[in-house]
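Please consider the following model, which is a predicted one. The account below begins with a single residue and then turns to the interior and to a pocket.

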Amino acid sequence: MTVFNSRKTEYKDKVRAIATNERVKLRIIVPRSMSCNGATLAVRKEGEDTAYYSMFWAGMCGDDNEYWELHFSATTSGLYWYHFELDTPWGKSFIRNEGHGIGDFAPDGADFQQTVYDEGFTTPDWLKGGIIYQIFPDRFYNSGTPKKGVRETRVMRKWGEEPFWREEQMNGIWNNDYFGGDLKGIEEKLPYLADLCVSCIYLNPIFEANSNHRYDTADYEKIDPLLGTEEDFKSLCKKAKEEYGISIILDGVFSHTGCDSKYFNLYNNYDSVGAYNSKESPYYSWYKFTDYPDEYKSWWGIKLLPEIVEENESYREYICGKNGIVRKWLSLGARGWRLDVADELPDVFLDDLRKAVKDEKPDALVLGEVWEDATTKEAYGERRRYLLGSQLDSVMNYPFADAILNFITYKNADAFLDSVMSIIENYPPQALNVLMNHIGTHDTERALTRLAGPDPEGYGRQWQYKHNKLPVYDYYKGISLMKLASLLQFTLPGVPSIYYGDETGMQGMKDPFNRECMNWDNPNKELFKWYKRLGEVRRGCKVFEKGEFVPVYCNFSTIAFKRIDDNSEVLVAINLDDETVSLELEAEYENSYTLLGNQPINNVLYLEPNRYSVITIVK
């Protein structure tokens with residue numbers, strides 16, 4: 001008999017974060033032979049002293065065990081850590097976290113985590129149950145519209161050519177090759193995105209900058225001239241929302257700017273007094289000079305990207321104020337912001353930004369780039385409070401991405417379920433339901449390459465170029481693995497995010513190979529058809545909006561889980577084992593409908609190796 005399991009409702013009736021003033025019932029099962037005469041819940045809010053709460057005896061569990069229970073609640077948000085202490089004739093016994101949510105008797109060991117968020121915390125409903133599509137603007141589609149104000153030094157390339165990656169190709173200027181993808185091009189392709197059931201487009205940076213990735217902002221107030229105009233942006237947002245029900249979120253790069261910008265103006269390319277030009281510059285206090293003007297703090301030591309002092313009052317006013325950048329682009333049609341390197345933005349800035357966003361557009365999204373568990377992330381020497389109600393709505397879900405890709409690659413169902421349950425247990429449900437569930441982005445190798453190609457970690461661009469395209473057999477193996485990975489991505493809690501071209505079988509190592517032009521002329525039709533069907537399944541099943549995640553089966557290389565709400569449920573099962581696995585289903589599945597994959601026979605689901613099933617029932 002398990003003493004305690006924080007991931008099972010018979011021990012903890014809410015397997016998730018709780019709101020302030022919300023009660024959670026905790027139960028332990030103690031062997032009668034211990035002669036326990038008292039049980040205590042020991043709880044420590046981070047930064048405070050431990051508090052002790054007496055549990056009550058709640059009856060027998062069979063002949064040999066007994067229940068001890070209590071209800072716990074907290075009046076303030078934060079991270080709480082707890083364990084149990086028992087009084088016995090032989091002294092104190094302790095129940096601590098042995099891993100995977102399981103509690104056992106141990107004098108030492110870890111405490112269990114309970115996240116408590118503000119009871120007023122809400123997240124946008126419009127994204128729940130939807131699909132995000134990430135676009136790297138320069139490489140998606142070129143409308144051919146003439147542009148004005150583009151620097152002559154930009155190197156224009158022919159669509160579909162290989163991005164520059166050799167140093168000699170750069171002529172001393174990195175990331176200066178462009179293919180001309182633009183906002184009008186994205187607008188022209190809205191019917192394509194609607195066909196995939198996309199509900200939200202996430203755009204990598206679109207503001208004026210002097211690199212093709214545009215993470216070196218030159219002017220937050222202007223659209224980059226190669227992408228189009230402010231009117232083009234307004235037109236894209238209006239048409240996407242009104243004709244296709246698609247919202248646009250923007251990439252906010254607020255931890256640094258470009259050195260070639262109107263704010264820093266290292267090369268005097270802008271008609272402004274930049275921080276580099278004079279200590280009297282209105283922007284001087286924004287930056288971290290160590291030996292003026294040539295020595296300054298920069299992002300990851302890259303001198304092209306001088307760091308911002310985000311605590312600076314004038315900078316916060318410029319970005320988050322009533323007439324600031326955040327509110328301007330929301331007023332012009334954007335429906336949210338994805339925050340680049342959110343862990344490098346201090347609390348005071350994130351607090352201001354959320355207030356600005358919600359004041360301007362209450363249902364707008366604030367999404368952060370955080371690679372780890374966002375509830376336990378530490379930065380600036382302290383625990384961050386991203387998901388407690390006053391900062392982010394949610395985050396990019398790297399833990400799920402790793403869980404999915406590692407499961408498909410290494411076939412360890414236990415590790416997959418443990419990773420998924422850890423996030424479900426720690427995150428507020430409203431944040432969980434708008435997680436950005438990607439399996440590849442502009443910062444990682446393509447998902448297909450990661451699944452079927454060699455690992456590029458530790459290798460330079462020459463090696464990556466040599467291994468950038470998969471042999472034919474590996475490519476088609478990768479297509480099959482992509483179908484399995486995307487099936488999990490589309491059915492786990494959160495919102496799946498497609499990196500442009502993943503649905504058409506694009507491959508590629510890390511930057512710049514993962515940023516090639518969209519392969520409009522040669523898509524993998526089998527994979528595209530699969531993604532289209534996944535979109536239809538999500539759109540047709542309301543359970544994916546807020547449905548509870550319930551593990552059903554986990555053994556070796558096979559996983560099955562349900563998504564359940566008040567009206568329906570969906571069963572998802574994947575078998576990566578070398579042998580056929582059979583799963584017995586409940587009687588209610590006699591009238592089920594198979595959405596994808598194998599159908600049950602006489603209420604038994606047979607899954608051959610590398611087979612899957614998605615089955616739904618209406619309650």
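The side chain of Thr-257 forms a polar contact with the side chain of Tyr-287, at 2.8 Å. Thr-257 itself belongs to the loop that runs between β18 (247-252) and β19 (289-291). Because buried means under 20% relative accessible area, Thr-257, at 0% relative accessibility, counts as buried. Leaving aside residues up to four places away in sequence, Thr-257 touches Asp-216, Thr-217, Tyr-220, Tyr-263, Tyr-287, Leu-304, Leu-305, Pro-306 and Ile-308.

From this residue the description passes to the nonpolar interior. The largest nonpolar core comprises 131 residues, and those that touch the most other members are Tyr-133, Phe-233, Phe-254 and Trp-337. The most is given to this core by helix α13 (residues 472-491), which contributes nine residues. There is also a second, separate core, made up of 28 residues, with Ile-28, Val-43, Cys-61 and Leu-86 among them.

Empty space is the last topic. Rolling a probe the size of a water molecule over the atoms shows where such space is left. The second largest pocket holds about 960 Å³ of space. Its lining consists of 40 residues, and Ile-424, Glu-548, Phe-549, Val-550 and Pro-551 are the ones that lie nearest the centre of the pocket. At least two residues of this lining come from each of α9 (413-426), α10 (429-432), α15 (543-546), β28 (548-555), β30 (568-575) and β34 (611-618). By character, the lining of the second largest pocket divides into 18 nonpolar, nine polar and 13 charged residues.

Methods
Residues are numbered from 1 along each chain as its sequence is written. This is a predicted model: local features need pLDDT of at least 70, side-chain atom pairs count only at pLDDT 80 or more; totals for chains, interfaces and linings use all residues. Side-chain values use heavy atoms; hydrogens and water are left out. A nonpolar core is a set of buried Ala, Val, Leu, Ile, Met, Phe, Trp, Tyr and Cys residues joined through side-chain atoms within 4.5 Å. Buried means under 20% relative accessible area, exposed over 50%, partly exposed in between (1.4 Å probe, protein chains only). Helices (H or I, at least four residues) and strands (E, at least two) are DSSP runs, numbered from the N terminus. On a 1 Å grid over the protein atoms alone, a cavity is a set of points where a 1.4 Å probe fits but cannot get out, and a pocket is an open set with protein on both sides within 12 Å along at least five of seven lines; lining residues have an atom within 4 Å of a point. Grid points are joined across faces, edges and corners, and a volume is the space filled by probe spheres set on the points. Ala, Val, Leu, Ile, Met, Phe, Trp, Tyr, Cys and Pro count as nonpolar, Asp, Glu, Lys and Arg as charged, and the others, Gly among them, as polar. A polar contact is a pair of N or O atoms within 3.5 Å; within protein, one must be able to donate a hydrogen and the other to accept it, and residues adjacent in sequence count only if both atoms are side-chain atoms. Contact means heavy atoms within 4.5 Å.
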